[in-house]
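This report looks at side-chain contacts, taking charged pairs, then aromatic rings, then cysteines. Please keep the structure in view while reading.

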Amino acid sequence: MKYDVRTKRVLVTGGAGFLGSHLCERLLDAGHDVLCVDNFYTGTKRNIAHLLDNPNFEVIRHDVTFPLFVEVDDIYNLACPASPIHYQFDPVQTTKTSVHGAINLLGLAKRLRARIFQASTSEVYGDPEVHPQTEDYWGRVNPIGMRSCYDEGKRCAETLFFDYRRQHNLTIKVARIFNTYGPRMHPNDGRVVSNFIVQALRGEPITLYGDGNQTRSFCYVDDLISAFLAIMDTSDDVTGPINIGNPTEFTIRSLAEMVVELTGSKSRIEFRPLPSDDPRQRKPDITLAREALGWEPTTALRDGLLKTIAYFEQTL
């Protein structure tokens, strides 16, 4: 059989996680060989169980804070716990995952001359003074707070990516991910969408931190993965960072009310104190994504929530 030059060997770190498993699935659907690497700290085999029979799919249990020696064409670096509950449990390891992980994977990309994608985060903007956030905003981050292990770890990873670009002419792609939701979210990750859905389905009080008027924008996972693939498909001079998220803004209270309505739950809303350094507003300016990728999200929050609720109804 003739080898298809369009078929690539693709490494996905954090491949058994929420986003990683969806990315692995889409890459396999496109005909690529996929190597999923995960230490299963927050990822789970359940997320990739349906892929294990695919001959083009391979899994390695590995921690990216240690070097990895494989042969691939493209690298997607998604390895890092992304919810406060998980990344604050072992903050030193969280920083090491972002920083040492970036160093190890960039070193691998340098050796292989591979394209490398970094899943960065809107948390690099901290509690922003600029709204909506554009890619040229440098952010307002507390460097010594409870969330710093994640925020500053991701900021340092971006620094490393751009220094490898300047110093070694590496082909890099950096995406700043805003709030994303969908099937395969961890039920105990403490993120607002999964929290509200699990509480509503169990008939427990919906815990709302602060007054509920803080805002977020929610991007459905399928839309986000389409953006990842579009970024990797751009020419070498398109490096990012590129904001990827849904620019439609919702208050946390309106999200809670929508979840209660869609689940038919009798849960009541319960207010709790706001955690430290929690951003008041978070909304991406996606002008660059529209111009450079021809991308914007297409899934309405209501439609995406219905699919996510159906997933949690099965798993719970």
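A salt bridge is a side-chain nitrogen of Lys or Arg within 4 Å of a carboxyl oxygen of Asp or Glu. The model is predicted, so local features need pLDDT of at least 70 and side-chain atom pairs count only at pLDDT 80 or more, whereas totals for chains, interfaces and linings use all residues. Residues are numbered from 1 along each chain as its sequence is written, and side-chain values use heavy atoms, with hydrogens and water left out.

**Charged pairs**

The count of salt bridges comes to 18, and the table gives three examples, among them the pair of Arg-268 and Glu-270.

| Basic residue | Acidic residue | N to O distance |
|---|---|---|
| Arg-155 | Glu-152 | 3.1 Å |
| Arg-176 | Glu-158 | 2.7 Å |
| Arg-268 | Glu-270 | 3.2 Å |

Accessibility is described here in three classes: buried means under 20% relative accessible area, exposed over 50%, and partly exposed in between, computed with a 1.4 Å probe on protein chains only. Arg-268 is exposed, at 54% relative accessible area, while its partner Glu-270 is partly exposed at 23%. Salt bridges with shared partners also join Glu-123, Arg-147 and Arg-282 into one network.

Helices (H or I, at least four residues) and strands (E, at least two) are DSSP runs, numbered from the N terminus. Arg-155 and Glu-152 are 3 residues apart in helix α5, which separates them by about one helical turn; Arg-155 is partly exposed at 27% relative accessibility, and Glu-152 is likewise partly exposed, at 25%. What does the salt bridge between Arg-176 and Glu-158 tie together? Arg-176 belongs to strand β6 and Glu-158 to helix α5, so this pair connects parts that are 18 residues apart in sequence. Arg-176 is buried, with a relative accessible area of 8%, and Glu-158 is buried with a value of 8% as well.

**Aromatic rings**

Rings of Phe, Tyr and Trp (its six-membered ring) pair if their centres lie within 6.5 Å, and planes under 30 degrees apart count as stacked, over 60 as edge-to-face and the rest as tilted. By this rule there are 6 aromatic pairs. One of them is that of Tyr-125 and Tyr-137, whose ring centres are 6.0 Å apart with planes at 20°, so the pair is stacked. Both residues lie in the loop between β5 (115-121) and α5 (148-168), so their contact ties together parts that are 12 residues apart in sequence. Tyr-125 also pairs with Phe-178, and because the centres are 6.1 Å apart and the planes at 40°, this pair is tilted. Phe-178 lies in the loop between β6 (172-177) and β7 (180-181), so its pairing with Tyr-125 ties together parts that are 53 residues apart in sequence. Tyr-125 is buried at 0% relative accessibility, Phe-178 is buried at 2%, and Tyr-137 is buried too. Elsewhere, ring pairs link Tyr-76, Phe-117 and Phe-228 into a cluster.

**Cysteines**

A disulfide is a covalent bond between the sulfur atoms of two cysteines, and here it is identified as a pair of cysteine sulfur atoms within 2.5 Å. The count of disulfides comes to 0. Cys-80 is in no disulfide, and the nearest cysteine sulfur, that of Cys-149, is 8.0 Å away, which is too far for a bond. Cys-80 is buried, with a relative accessible area of 14%, and Cys-149 is buried with a value of 7%.
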